[in-house]
Amino acid sequence: MANTTVVNQTEWDGTRGSLHFSLASDGTALSDLLLLDISTLAPAPAAIKFRTVQLKMQGNFTLDFEIDATTDTNFLTAEVQTVDETKSFFWDFRDFPGNAWHVTTTNKAAAGFTGDLLVTSTGLASGDDFDLVITFTTD
């Protein structure tokens, strides 16, 4: 069997965008699963800035969100530790300089930098699930 992607939708108007991704797990671990390929956005930005992240998780697992490069840059880590509860997270980066969280200039110059968003899981079990909504803009 394989994990079930319930929703995988990206909206993009050339300047601002959103990603909605929802997964129901069969216990298969996620390893650098591509959530957002910025080269497929038209027009494609060189990089994006994250404005908000909404995440709902149920299970006992950790998600590491990373920006793709030869050595990935950790963007965000979220963890739940109770199987019978749903935990909701909301991160608002709009008060950051530039109104969003962005990859540093050093990281953009790193070998293999693509700017794509990846996710890796630890401890994902059958019956675990998560629902993710991210808003972003060009960098």
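Begin by selecting Asp92, whose relative accessible area of 36% makes this residue partly exposed; keep in mind throughout that the model is predicted. Add Arg94 to the selection, and the side chains of Asp92 and Arg94 are seen to meet in a salt bridge, with 2.7 Å from N to O. Arg94 is likewise listed at 36% relative accessibility, and so counts as partly exposed. Side chains of opposite charge can pair when their charged atoms come close.

How many salt bridges does the structure hold? There are two, and the other stop of this kind is Asp139 with Lys108, where the closest N and O atoms are 2.3 Å apart. This pair links distant parts of the chain, since Asp139 sits in the segment after S10 while Lys108 belongs to helix H1 (residues 105-108), and 31 residues separate them. Select each partner in turn and show its surface: Asp139 is partly exposed at 39% relative accessibility, and Lys108 is partly exposed at 30%.

**The aromatic pairs**

Now colour the rings of Phe, Tyr and Trp; with ring centres required to lie within 6.5 Å, the count comes to eight aromatic pairs. Go to Trp12 and Phe136, which form a stacked pair with 5.6 Å from centre to centre and 15 degrees between the planes. Because Trp12 lies in strand S1 (residues 4-12) and Phe136 in strand S10 (residues 126-138), this pair ties together parts that are 124 residues apart in sequence. Are these two rings buried or exposed? Trp12 counts as buried at 17% relative accessibility, and Phe136 is buried with a relative accessible area of 1%.

Move next to Phe75 and Trp101, an aromatic pair that is tilted, with 4.6 Å from centre to centre and 55 degrees between the planes. Phe75 lies in strand S6 (residues 73-79) and Trp101 in strand S8 (residues 101-102), so here the pair ties together parts that are 26 residues apart in sequence. Phe75 is buried, with a relative accessible area of 8%, and Trp101 also counts as buried, at 19% relative accessibility. To see the setting of this pair, extend the selection to Phe50, Phe93 and Phe96, which together with Phe75 and Trp101 form one aromatic cluster.

**The open sheet**

With Phe75 still selected in strand S6, switch to a cartoon view and show the sheet to which S6 belongs, an open sheet of four strands in the order S3-S9-S5-S6 with antiparallel pairing. Which strands stand at the edges? They are S3 (33-36) and S6, each with a single partner strand, so that one side of each is left without a neighbour in the sheet. Looking across the sheet, the twist averages 30 degrees from one strand to the next.

At the S3 edge, select strand S9 (residues 117-122) as well; three bridges join S3 to S9, and the two run antiparallel. A convenient place to inspect this pairing is Leu36, which stands opposite Leu117 in S9. Strands of a sheet pair through backbone hydrogen bonds, either parallel or antiparallel.

**Two serines in strand S2**

For the next stop, select Ser22, which lies in strand S2 (residues 16-26) and counts as buried at 11% relative accessibility. What does the side chain of Ser22 meet? A polar atom of this side chain lies 3.4 Å from the backbone oxygen of Phe130, and the side chain also makes a polar contact of 3.2 Å with the side chain of Asp131. If residues up to four places away in sequence are set aside, Ser22 touches Thr4, Thr5, Val6, Val7, Phe130 and Asp131.

Finally, follow strand S2 to Ser25, which has its place in that strand and is buried, with a relative accessible area of 7%. The side chains of Ser25 and Asn3 are joined by a polar contact of 3.0 Å, while the backbone nitrogen of Gly27 lies 2.7 Å from a polar atom of the Ser25 side chain. Leaving out residues up to four places away in sequence, Ser25 touches Asn3, Leu124, Ala125, Ser126, Gly127 and Asp128.

Terms used:
Residues numbered from 1 in each chain as written. Predicted model: local features only at pLDDT ≥ 70, side-chain atom pairs only at ≥ 80, totals over all residues. Heavy atoms only, no water. Phe/Tyr/Trp six-rings, centres within 6.5 Å; stacked < 30°, edge-to-face > 60°. Buried < 20%, exposed > 50% of the residue type's maximum accessible area, 1.4 Å probe, protein only. Pairing = 2+ DSSP bridges. Axes fitted to C-alpha atoms, helices over the stretch in contact; angles between N-to-C directions. Salt bridge = Lys/Arg side-chain N within 4 Å of Asp/Glu carboxyl O. Polar contact = N/O pair within 3.5 Å; in protein donor to acceptor, adjacent residues only side chain to side chain. Contact = heavy atoms within 4.5 Å.
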